[in-house]
Amino acid sequence: MDGSGKDPRPGELRAARSWLARHGLGDTPPTPLLAARLAARWRARVVEQVLLALLIMTAAAVYAFGVLSGPGGSGPLVLLGGLVVALLAARWQVEAWVRRVDRRAGAALARRAAHPVQLGWRALLGRPHAACAAGIHAAALALAAGAFATGDTAVRRAAAVLLVALAGAAAAAVLQLRDLLRRPVVAEDEVSLTADVIMRIEDARESMSPGVVWSLPVILLLGPTFGWWSAVSVGLVPLGLAAVALVQLRAPSTAAMARRIVAP
């Protein structure tokens, strides 16, 4: 049983076994509780990717059909702001569902292990990943600021759309990281504690994934822009990909970081 009274699906147990093997825990058999927690995270990430895609499409639609259609006042931006809030609320509900799955798993344990130190953002995210995410976000904000510096009204309005969307993406990432830092440990021994920390690190890195941030400036290419701005917007994508690849190659793996954290 997985803590909710339901037996895990065979596919969820196979996926949990594969996950354990990838993280150097292949000698540990997958438990129904671990399978349930991993399945909840995989489903949540699919929904969160859909929500982020909706954010990009909404920003593009507001820009293409609202800002570019004429003066339009602040109506399109208010609409985009409202949709961003709705998407944040939906993402919060997804995270709340993952928390409920974790609580049920913790309640089903015969005993609870605990880490003696409350994990901080440096332990979960790591400086390289944090610096990469912050750098890409700063570059996107600088692009929006550069658009505001022009005298073109259409470009300045497009920059406002970009700023609202970037604020929504940043708020979603910060809220998720804050939630991860507050979640209680769900483990009964050293191995399950290591698996719990690995899941937290993966969740933290996923929350700071910069894919949406470096994609948003491309929206402004739908309308009137100017030379260097367009070149930098397009160039931000391969540069961001290169930065993420470099960090993933050089930074410690999630399993190595988890073992370092769990080790006394």
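Contact, as the word is used in this tour, means heavy atoms within 4.5 Å. The model on screen is predicted, and for that reason local features need pLDDT of at least 70 and side-chain atom pairs count only at pLDDT 80 or more, whereas totals for chains, interfaces and linings use all residues. Residues are numbered from 1 along each chain as its sequence is written, and side-chain values use heavy atoms, with hydrogens and water left out.

**The whole chain**

Begin with the whole protein chain coloured by secondary structure: it holds ten helices and zero strands, where helices (H or I, at least four residues) and strands (E, at least two) are DSSP runs numbered from the N terminus. Of its 264 residues, 47% count as buried; buried means under 20% relative accessible area, exposed means over 50%, and partly exposed lies in between, with a 1.4 Å probe and protein chains only. Among the contacts in the chain with a separation of 6 or more, 80% are accounted for by residues 24 or more positions apart.

**First stop: α6 and α7**

Select α6, residues 153-182, together with helix α7, residues 190-207. The axes of these two helices come within 9 Å and cross at roughly 165°; axes are lines fitted to C-alpha atoms, for helices over the stretch in contact, and angles run from 0 to 180 degrees between N-to-C directions. That crossing makes α6 roughly antiparallel to α7, in a scheme where angles under 35 degrees count as roughly parallel, over 145 as roughly antiparallel, 65 to 115 as roughly perpendicular and the rest as oblique.

Now show side chains: Ala173, Gln176, Leu177 and Leu180 in α6 meet Arg200, Asp203, Ala204 and Ser207 in α7. The residues of this contact divide into four nonpolar, two polar and two charged, where Ala, Val, Leu, Ile, Met, Phe, Trp, Tyr, Cys and Pro count as nonpolar, Asp, Glu, Lys and Arg as charged, and the others, Gly among them, as polar.

**Second stop: α5 and α6**

Keep α6 and add helix α5, residues 127-148, which packs against α6 at an angle of about 155°, with the axes 8 Å apart. That makes α5 roughly antiparallel to α6. On the α5 side, select His137, Ala140, Leu141, Ala144, Ala147 and Phe148, which meet Val155, Arg156, Ala159, Ala160, Leu162, Leu163, Leu166 and Ala170 in α6. The residues here divide into twelve nonpolar, one polar and one charged.

While α5 is displayed, pick out Ala134, which has its place in that helix and is partly exposed, with a relative accessible area of 46%. Ala134 and Met208 are 74 residues apart in sequence, yet 8.8 Å apart in space, C-alpha to C-alpha.

**Third stop: salt bridges**

Side chains of opposite charge can pair when their charged atoms come close. A search of the whole structure finds ten salt bridges, each being a side-chain nitrogen of Lys or Arg within 4 Å of a carboxyl oxygen of Asp or Glu.

Select Arg43 and Glu12, whose side chains meet in a salt bridge at 2.6 Å, N to O. This pair links distant parts of the chain, since Arg43 is in helix α2 (residues 32-67) and Glu12 in helix α1 (residues 10-22), 31 residues apart. Arg43 is partly exposed, with a relative accessible area of 38%, whereas Glu12 counts as buried at 13% relative accessibility.

Move next to Asp179 and Arg99, whose salt bridge spans 2.7 Å, N to O. Asp179 lies in helix α6 and Arg99 in helix α3, so the pair ties together parts that are 80 residues apart in sequence. Asp179 counts as buried at 8% relative accessibility, and Arg99 counts as buried at 17%.

**Last stop: Asp102 and its network**

Finish with Asp102, which is found in helix α3 and is buried, with a relative accessible area of 7%. The side chains of Arg37 and Asp102 meet in a salt bridge (2.8 Å, N to O). The pair links distant parts of the chain, with Arg37 in helix α2 and Asp102 in helix α3 (residues 75-107), 65 residues apart.

Not counting residues up to four places away in sequence, Asp102 touches Arg37, Arg41, Arg183 and Val186. The C-alpha atoms of Asp102 and Ala40, which are 62 residues apart along the chain, are separated by 9.0 Å. To end the tour, select Arg37, Arg41, Arg45, Asp102, Asp196, Arg200 and Asp203, which are linked in a network of salt bridges; Arg200 and Asp203 were also part of the α6 and α7 contact.
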